[in-house]
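This report deals with aromatic rings and the contacts they make. The sequence and structure come first.

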Amino acid sequence: MEKLEARIRNHDREIEKMCNFHYQGFVDSITELLKVRGEAQKLKNQVTDTNRKLQNEGKEVTMEELKQCRLQQRNISATVDKLTLCLPVLEMYSKLREQMKSKRHYPALKTLEHLEHTYLPQVSHYRFCKIMVDNIPKLREEIKEVSMSDLKDFLESIRKHSDKIGETAMKQRRRDEKSFILLLRKHIGPSYGGFRIVRKQAFFMAESNCRGLLHRSSHEGLVPGAQDLVDFSPVYRCLHIYSVLVSNSLETGSYTGLWVKEGDGVLLLPSMLLEGGDGYRKYFNQIVGFFVVEDHILHTTQGLVNRAYIDELWEMALSKTIAALRTHSSYCSDPSLVLDLKNLIVLFADTLQGYGFPVNQLFDMLLEIQDQYSETLLKKWSGVFRNILDSDNYSPIPVTNEEVYKKIVGQFPFQDAELEKQPFPKKFPFSEFVPKVYNQIKEFIYACLKFSEDLHLSSTEVDDMIRKSTNLLLTRTLSNCLQNVIKRKNVGLTELVQIIINTTHLEKSCKFLEEFITNITNVLPETVHTTKLYGTTTFKDARHAAEEEIYTNLNQKIDQFLQLADYDWMAMEPGSKASDYLVDLIGFLRSTFAVFTHLPGKVAQTACMSACKHLSTSLMQLLLEAEVRQLTLGALQQFNLDVEECEQFARSGPVPGFQGDTLQLAFIDLRQLLDLFIQWDWSTYLADYGQPTCKYLRVNPTTALILLEKMRDTSRKNNVFAQFRKNERDKQKLIDTVAKQLRSLINSHHS
């Protein structure tokens, strides 16, 4: 019990402590409660007052007015509810009109969809909604037409911007290829074959980077991307709109039709090709820009265009482009313009090939243009060769010092140990046109090589092309120029001799031209199917023509001298020396053949023999010509003096290399004929005629009879046998007998 009491006392103390702790809060609560009771009383008084006033006011309101008020209240509530449904529709329609006005057609189309499917069904029974529903197809058609109009404007702008886009793409292509060439060329030798490897690797590297052009920003490089030049948003908007309005197939058909029209507009610009280089560049830029944009649209959209359509469009464009280039390139007569055209076509083809378009037909066409390029080069070099040949002095090149000597040897491959040993001043055997022609042939080869670059040809094909073009230059162009110079009326023997010397040295240089071509193409001459240069044949033909012309000119000069011959065929006594015209003729021949020292031995010998034979034949014709009806023995003896002068010239060896009396044999016919008449040795002639060992084997009976008739018909005053007047009848009878026997020999020979 004590513990219980103790515990009770503890609890009492804790209760006391707790009461003491919360006492102040309890007091505060009671205080506030008292305040609330006061405020509640005030509120009660106000409510009571308000109720009293309301009761007093309500006494004046009738039941009908109250019903009317409640009806209005319900109507207002219903109206608010209906307006709550209609306001979003009106707001959406207002938003739609605002979007249409600001040309935000795709958001407008989306708004139209929400309006049609979400909002209008909720208020479909209203008249204004029916008007909206009826207007929706018109709005769709309007959006469709506006988007199509924007697309047309875009395509028109593409036609304007395609030039710049194409120029940008081609610049990028050229820049990429040049950068790769500089990078790769450090690792490959400077030969043409190595350079071709560099270009080929650069081509593939540039091709792999080409398509990225459209997706590059102008901040990434010096060349702006196509997106910086063209706003493609109309295409995307139109695509999005049509994807909502109609099927993709219809959109593709519409776009294709419009694009084909624009493509035709671009391809129908070949008139600008007549402007020359800038016209070609602009034409190619237009086409490249057109297809670069098309490729961009293919890779940035789905369903708008497809690869088959682009390939078909490219085939059409390619055929028209090739036809236009074939037509207009045929008018190009300047090889530099043809070369620029080729470079543009290569850049054009490489650029489009980088976008996946097949361009083999373009490179096939370039091979056709290569033939035209060769023709223009041949025409140009024909003029170059003519100028060189016309301005040449046809004299050996004089050299006064070592510097000039090395310069000429550096221009033309010439080696002569004897000439090197000679002191200055000295002369090269050839004239200036030899090194000039040789260097121009090398320039022609370089010009041919320029065209073969970037055509993706093998070294063998390039070598074959260069050799064929060079052969045409040698066999046709240079050969014709040399033939024209040789056939000129005013060309002299000295010039002809120099031409022979020059062509001989050019012929020797052909092997160096072979080596030159081999060095730049890396194709050895021993390779199978390698075309050989025909320069040797060309220069041989020119030399033979010059030789023939020398023979002809010599004969013409001889004929000119013979025209000065003035024989007195009735002279009784011969003169003391050879005729003046013949002495001059022999002097001319001696001086002429002295110039032939640098000619090949056979040429000089042939020219000398030809001249002597022609002189002998002409003298024979002079003696036997019909105008000379009579001649005396004295005239015949004077003629014999002239023939002896010719024989003396032949014995003097005007040209070295003849064996024995070979050159004198040219006059053997004249010599035997004159000996027969002067010695009057008819008995020997008639007795030995027809025998191989006959003394007068070269005397023809017909020739002897003609000359005998001339001597028989002399008058008495100038009788050939005046010293035998007593035996005149016997001598005349002897002549008749000899003439009769000669006629018999002639008849027996014919039978």
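## Aromatic pairs

In this predicted model, 30 aromatic pairs are counted. One of them joins Phe-561 and Phe-588, with 5.6 Å from centre to centre and 35° between the planes, and is classed as tilted. Phe-561 belongs to helix 19 (residues 535-562) and Phe-588 to helix 20 (residues 580-595), so this contact ties together parts 27 residues apart in sequence.

Are the two rings buried or exposed? Phe-561 has 18% relative accessibility and counts as buried because the cut-off is under 20%. Phe-588, at 18% relative accessibility, is buried as well.

## A pair within one helix

The ring centres of Trp-682 and Tyr-685 are 6.1 Å apart, and their planes meet at 85°; the pair is therefore edge-to-face, since angles over 60 degrees are classed that way. Both residues lie in helix 24 (residues 682-688), and their spacing of 3 residues amounts to about one helical turn. Trp-682 and Tyr-685 are buried.

## Aromatic cluster

Which residues form one aromatic cluster? The members are Tyr-405, Phe-412, Phe-414, Phe-424, Phe-428, Phe-430 and Tyr-438.

## Charges over rings

Two contacts involve a basic side chain and a phenylalanine ring. Arg-307 sits over the face of Phe-357, 5.9 Å from the ring centre. Lys-342 is placed over the face of Phe-451, with 5.9 Å to the ring centre.

Technical notes: Residues are numbered from 1 along each chain as its sequence is written. This is a predicted model: local features need pLDDT of at least 70, side-chain atom pairs count only at pLDDT 80 or more; totals for chains, interfaces and linings use all residues. Side-chain values use heavy atoms; hydrogens and water are left out. Rings of Phe, Tyr and Trp (its six-membered ring) pair if their centres lie within 6.5 Å; planes under 30 degrees apart count as stacked, over 60 as edge-to-face and the rest as tilted. Helices (H or I, at least four residues) and strands (E, at least two) are DSSP runs, numbered from the N terminus. Buried means under 20% relative accessible area, exposed over 50%, partly exposed in between (1.4 Å probe, protein chains only). A charge sits over a ring if NZ of Lys or CZ of Arg is within 6 Å of the ring centre and within 35 degrees of the ring normal.
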